[in-house]
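Okay, thanks for making room for me this morning. I'll walk through one model, a few spots at a time, so please pull it up and follow along.

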Amino acid sequence: MCSISVAFFDDHPVLLSGIVALFAESDDFEIVGTGTCARDAVEIAAKYRPNVVIADLSMPGKVLDAITEISRDRQTTKVIAFTAATGIDTAIAALEAGALGYVLKGSTFEELTEAIRVVHGGDTYITPSFASKVIAGLRTASLRRQAARAIRLSTREEQVLRLLLRGNTNKEIAQALNISDKTVKHYMTVLMQKLNVRNRIEVVLAAQELKIDSASSLI
């Protein structure tokens, strides 16, 4: 399997060197460049054409403009915003600038590697605990649909959600899917976690905001 070429950009030297050291130990990734500012990102991306660029949003320079420039040819390079910023507007600005990923710096190494693989494949990745808030706030329908794929539901989770949206009780869902009430409750807990909500009503509201209907999955 071919390795994924990546370039990292962050103005925090300890963080940057730590991430580079972690990825250098993996045969799945090839580090082709690093930098500390938006200009570095544009220049290195143009020179080495990495599969994925991971860029800190708070480093010096016009980072959003850099994301837009690097992302113009998505057949070559995809961009992940790697940041401590948890503001919805910041996330939306990064995605609308062209980033396919938005990963919070509190994420694990495994989450970051998953994000790189997902984005390299052309899909959107948003830190799961943050995803539903970002998607609900996106201003354009096309971006909302694209980013909604970041909330990955299993086939069974989609089935439970569709029945829930039709107004079925847990018992009715269990009967329809030939599973136990306890299993339905488990799926409800999973859905609440993935949609970042607190109860059954909020699951329904989140699904409606994300354009999930009773006849299909994410659309």
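How many nonpolar, polar and charged residues are there in the lining of the largest pocket? The split is 4 nonpolar, 2 polar and 4 charged. Before I go on, keep in mind that this is a predicted model.

So, the pocket itself. Its volume comes out at about 180 Å³ for the largest pocket. If you want to colour the lining, pick V42, A45, A46, R49, E69, I70, R72, D73, T76 and T77. Two helices, α2 and α3, each put in at least two of the lining residues. Of those, α2 gives the largest share, 3 residues.

Now stay with R49, since it turns up in that lining. R49 sits in the loop between α2, residues 38-48, and β3, residues 52-55. Its backbone caught my eye: phi is positive, about 50°, and R49 is not a glycine. As background, most residues other than glycine have a negative phi. As for the side of things that faces solvent, R49 counts as partly exposed, because its relative accessibility is 48% and the exposed class begins over 50%.

There's another residue like that further along. N178 has a positive phi too, near 60°, and again we're not talking about a glycine. You'll find N178 in the loop between α9 and α10. N178 counts as exposed, with 72% relative accessibility.

Since N178 follows α9, let's step back into that helix. Which residues of α9 are buried? They are N170, I173, A174 and L177, in a helix that runs over residues 170-177. Look down the axis of α9 and those buried residues fall within an arc of 100°, so they line one face of the helix. Turn to the face away from the buried side, and you get the exposed residues K171, Q175 and A176.

On the other side of that loop is α10, residues 181-195, and I'd like you to click on M188 there. Buried or exposed, M188? It counts as buried, at 6% relative accessibility, because the cut-off for buried is under 20%. Leaving out neighbours within four places in sequence, M188 is in contact with V160, L164, N170, R200 and V203. N170 should ring a bell: it's one of the buried residues of α9. There's also L161, 27 residues from M188 in sequence, with the two C-alphas 8.3 Å apart.

Okay, aromatics. The structure holds 4 aromatic pairs. The one I'd zoom in on is F23 with F109: the ring centres are 4.9 Å apart and the planes sit at 65°, so the pair is edge-to-face. That pair links distant parts of the chain, with F23 in helix α1, residues 13-24, and F109 in helix α5, residues 109-120, 86 residues apart. The two partners fall into separate burial classes as well. F23 counts as buried at 1% relative accessibility, while F109 is partly exposed at 28%. And which residues do the ring pairs link into a cluster? That would be F8, F23, F29 and F109.

Two more buried spots and then I'm done. One is V63, in helix α3, the helix that also supplies at least two residues of the pocket lining. V63 counts as buried, at 5% relative accessibility. Not counting residues up to four places away in sequence, V63 touches A38, D56 and L57. If you draw a distance from V63 to A94, C-alpha to C-alpha, you get 8.9 Å, and the two are 31 residues apart along the chain.

The other spot is T127, in the loop between β6, residues 125-126, and α6, residues 128-137. Where R49 in its loop is partly exposed, T127 counts as buried, with 6% relative accessibility. What does T127 touch, once you skip residues up to four places away in sequence? The list is Y102, V103, L104 and S107.

That's my tour. Happy to go back to any of these spots on the screen.

How values were computed
Residues are numbered from 1 along each chain as its sequence is written. This is a predicted model: local features need pLDDT of at least 70, side-chain atom pairs count only at pLDDT 80 or more; totals for chains, interfaces and linings use all residues. Side-chain values use heavy atoms; hydrogens and water are left out. Helices (H or I, at least four residues) and strands (E, at least two) are DSSP runs, numbered from the N terminus. Buried means under 20% relative accessible area, exposed over 50%, partly exposed in between (1.4 Å probe, protein chains only). Contact means heavy atoms within 4.5 Å. The arc is that of the directions from the helix axis to the C-beta atoms. Rings of Phe, Tyr and Trp (its six-membered ring) pair if their centres lie within 6.5 Å; planes under 30 degrees apart count as stacked, over 60 as edge-to-face and the rest as tilted. On a 1 Å grid over the protein atoms alone, a cavity is a set of points where a 1.4 Å probe fits but cannot get out, and a pocket is an open set with protein on both sides within 12 Å along at least five of seven lines; lining residues have an atom within 4 Å of a point. Grid points are joined across faces, edges and corners, and a volume is the space filled by probe spheres set on the points. Ala, Val, Leu, Ile, Met, Phe, Trp, Tyr, Cys and Pro count as nonpolar, Asp, Glu, Lys and Arg as charged, and the others, Gly among them, as polar.
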